[in-house]
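Here is a quick tour of the fold, starting with one residue in a loop and working outwards. Have the viewer open as you read.

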Amino acid sequence: MTLEIAIAYTTPSRIDIECAGKKASLQGESFARGHGSPDFVVFANQPACWDTPFGKERIEEAERQAIQAQVLGLLRARGWSIELEQ
């Protein structure tokens with residue numbers, strides 16, 4: 001599954017993304033750099049739904065995995081040490 005994901009905003013507890021007019025947030029947790037842990041861990045069940053102009057749209061597991069892979073890849077390319085919760 002190919003998606004054109006853009007990182008819109010990041011905070012210590014979430015990563016906001018946009019794709020084809022829809023928005024979603026990947027909730028997670030950040031950690032202090034340089035202490036042997038990743039900079040950010042994305043919770044495995046994130047994102048749960050898209051926010052669309054017409055309301056919420058549930059994200060199926062295959063799409064969630066594609067989103068997670070792309071977001072992790074984009075942020076690793078920016079130098080983040082980011083992992084998916086195990």
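Let's begin with Asp39: at a relative accessible area of 12%, this residue is buried, because it falls under the 20% cut-off. Keep in mind throughout that this is a predicted model. Asp39 sits in the loop between β3 and β4. Which residues does Asp39 touch, once residues up to four places away in sequence are set aside? They are Glu29, Ser30, Phe31, Arg33, Gly79, Trp80 and Ser81. Pro12 is 27 residues from Asp39 in sequence, yet the two C-alpha atoms are 9.5 Å apart in space.

One of those contacts, Gly79, leads us to the helix. Gly79 comes just after α1 and takes a positive phi of about 95°. The helix itself has 17 residues, which at 1.5 Å a residue should span 24 Å; the C-alpha atoms at its ends are 24 Å apart, so the two values agree.

What does α1 bury? The list runs Glu63, Arg64, Ala66, Ile67, Gln68, Val71, Leu72 and Leu75, so charged and polar names turn up there too, Glu63, Arg64 and Gln68 among them. These buried residues pack against β1 (6-10), β2, β3, β4, β5 and β7 (82-84).

Now for the core. In soluble globular proteins, nonpolar side chains tend to be buried together. Here the largest nonpolar core has 18 residues, and those with the most contacts inside it are Ile5, Ile15, Ile17, Trp50, Ile67 and Val71. Two or more residues each come from β2 (14-19), β3 (22-30), β4 (40-42) and α1 (61-77), and α1 gives the most, with five residues. Val71 is a good one to click on: leaving aside neighbours within four places in sequence, Val71 is in contact with Ile5, Ile7, Ile15, Ile17 and Leu26.

Trp50 takes us to β5 (residues 49-52), where Trp50 and Thr52 form the covered face, while Cys49 and Asp51 form the uncovered one. Why the split? In a regular strand the side chains alternate between the two faces of the sheet. Strand β5 runs antiparallel to β6 (residues 55-58), and four bridges join the pair. Together they make a hairpin with two residues between the strands, and Thr52 stands opposite Gly55 in β6.

Finally, a few backbone angles deserve a look:

| Site | Where | Angle |
|---|---|---|
| Gly79 | just after α1 | phi about 95° |
| Ala20 | loop between β2 and β3 | phi about 50° |
| Gln46–Pro47 | Pro47 in the loop between β4 and β5 | omega about -5° |

Ala20 has its positive phi although it is not a glycine. Is Ala20 buried or exposed? At 72% relative accessibility, Ala20 counts as exposed, because the value is over 50%. As for Gln46 and Pro47, the peptide bond that joins them is cis.

Notes: Residues are numbered from 1 along each chain as its sequence is written. This is a predicted model: local features need pLDDT of at least 70, side-chain atom pairs count only at pLDDT 80 or more; totals for chains, interfaces and linings use all residues. Side-chain values use heavy atoms; hydrogens and water are left out. A nonpolar core is a set of buried Ala, Val, Leu, Ile, Met, Phe, Trp, Tyr and Cys residues joined through side-chain atoms within 4.5 Å. Buried means under 20% relative accessible area, exposed over 50%, partly exposed in between (1.4 Å probe, protein chains only). Contact means heavy atoms within 4.5 Å. Two strands pair if DSSP finds at least two bridges between them. The expected span of a helix is 1.5 Å times one less than its number of residues.
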